[in-house]
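User: I would like to go through the charged side-chain pairs here and see how each label follows from its cut-off.

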Amino acid sequence: MAVISTDISEAVHALNEGQVIGIPTETVYGLAGNALDGDSVARIFEVKERPSFDPLIVHISDLDQVDKYCEEVPESLAKLAEKYWPGPLTLLLPKKEIIPDIVTSGLKRVAIRVPSHSLTRELLHQLDFPLAAPSANPFGYISPTSAAHVEAQLGAKISMVLDGGESQVGLESTIVGMEENEVVVYRLGGLSLDEIESEIGKVKVKSHSSSNPQAPGLLKSHYAPKVPFLLGNISKFLKDIKPESNKVGILSLNAEFSGFPEVNQIQLSSSGNLNEAAQNLFAAMRKLDDLDLELILAEPMPEKGLGKAINDRLRRAAAKG
Ligand code: TXA
Ligand code: MG
């Protein structure tokens, strides 16, 4: 069992020894190890049961560290970094030799991010190396937004989870890079498209492909609950499928459905706030997944602000064949 602790010095000690541990970030919890040490990074892949072709994000303490690990930062991406770091933004940048190939799965670009969670920033400041960290879930399952989520699934394989409370953003970071001279968003996430475009103008979004060679981890069926998960008009599903009322879970923005037990229904935000909905999304999916239901029905969110990224995750959850 992993120890759940708020003790940074314990985390520093474990990471200096080459261990991998759970760490909080504002987006989701990460499974972290020394990004400059191939053995620690290999252990991350092993614990997560992640295929080696799926590269990891490197977390650094401050914007000024980026030159140590990357050849250059194109101007548009530098603008985004200055505005939104620390925060839920990951940049794909040409890597320097110091980043081991195992981190990037042999790709020439490395994914870099400055997280804003205060505990993890303090942790990074106390380390002599950056942290490679994928989301701390078994490959293909829903990302964790609390220390308890990490412990529940990976606790048997790691020594500790640094407890930073519930993740405040609740969705993984938005991943951005350049192709030719064009800015491309590879994964919608905790930083909205509007926020990006308000800074640097219109960008291209390439996050829907099921086999995106630039971000091999963005497989179509990701973030998937174990229970069959349908996305669409909930009332219509209920009418068409007529599921047994105590065997169906319902995930909505703020609608309630009569005739179905309240415990099996989750409203992501009673006021319809999409930031709040994002924050609650993964915990809600896990909760419904653990209720021993036969089916989960979910509705898409309004396509604005973080609603787009939430819908991306809901579609991936529903795509499991
Ligand atoms: O918010 C987040 O980004 C969280 C926290 C822990 O920072 N991390 C996270 O990592 O979501 P992960 O590994 O679950 O997702 C990272 C995604 C993967 O889909 C991977 O394929 C893509 O980023 N990625 C990482 N490095 C890449 C690279 N060099 N080129 C292209 N895609 C990359
Ligand atoms: Mg992940």
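Analyst: Lys-202 is exposed, its relative accessible area being 75%, where exposed means over 50%, buried under 20% and partly exposed in between (1.4 Å probe, protein chains only). This is a predicted model, in which local features need pLDDT of at least 70 and side-chain atom pairs count only at pLDDT 80 or more, while totals for chains, interfaces and linings use all residues. Residues are numbered from 1 along each chain as its sequence is written, and side-chain values use heavy atoms, with hydrogens and water left out.

User: What makes the contact of Lys-202 with Glu-197 a salt bridge?

Analyst: The closest N and O atoms of Lys-202 and Glu-197 are 3.6 Å apart, and a salt bridge requires a side-chain nitrogen of Lys or Arg within 4 Å of a carboxyl oxygen of Asp or Glu, so the pair qualifies.

User: Why is Glu-197 called partly exposed?

Analyst: Its relative accessibility is 21%, which lies between the two limits, and therefore Glu-197 counts as partly exposed.

User: How do you know that Arg-313 and Asp-312 are buried?

Analyst: Arg-313 has a relative accessible area of 0% and Asp-312 one of 2%, so both values fall under the limit for buried. Their side chains meet in a salt bridge at 2.6 Å, N to O, and both residues belong to a network of salt bridges that also links Glu-172 and Arg-316.

User: How many salt bridges does the structure hold?

Analyst: There are 14 salt bridges.

Key. Chains lettered and ligands numbered in written order.
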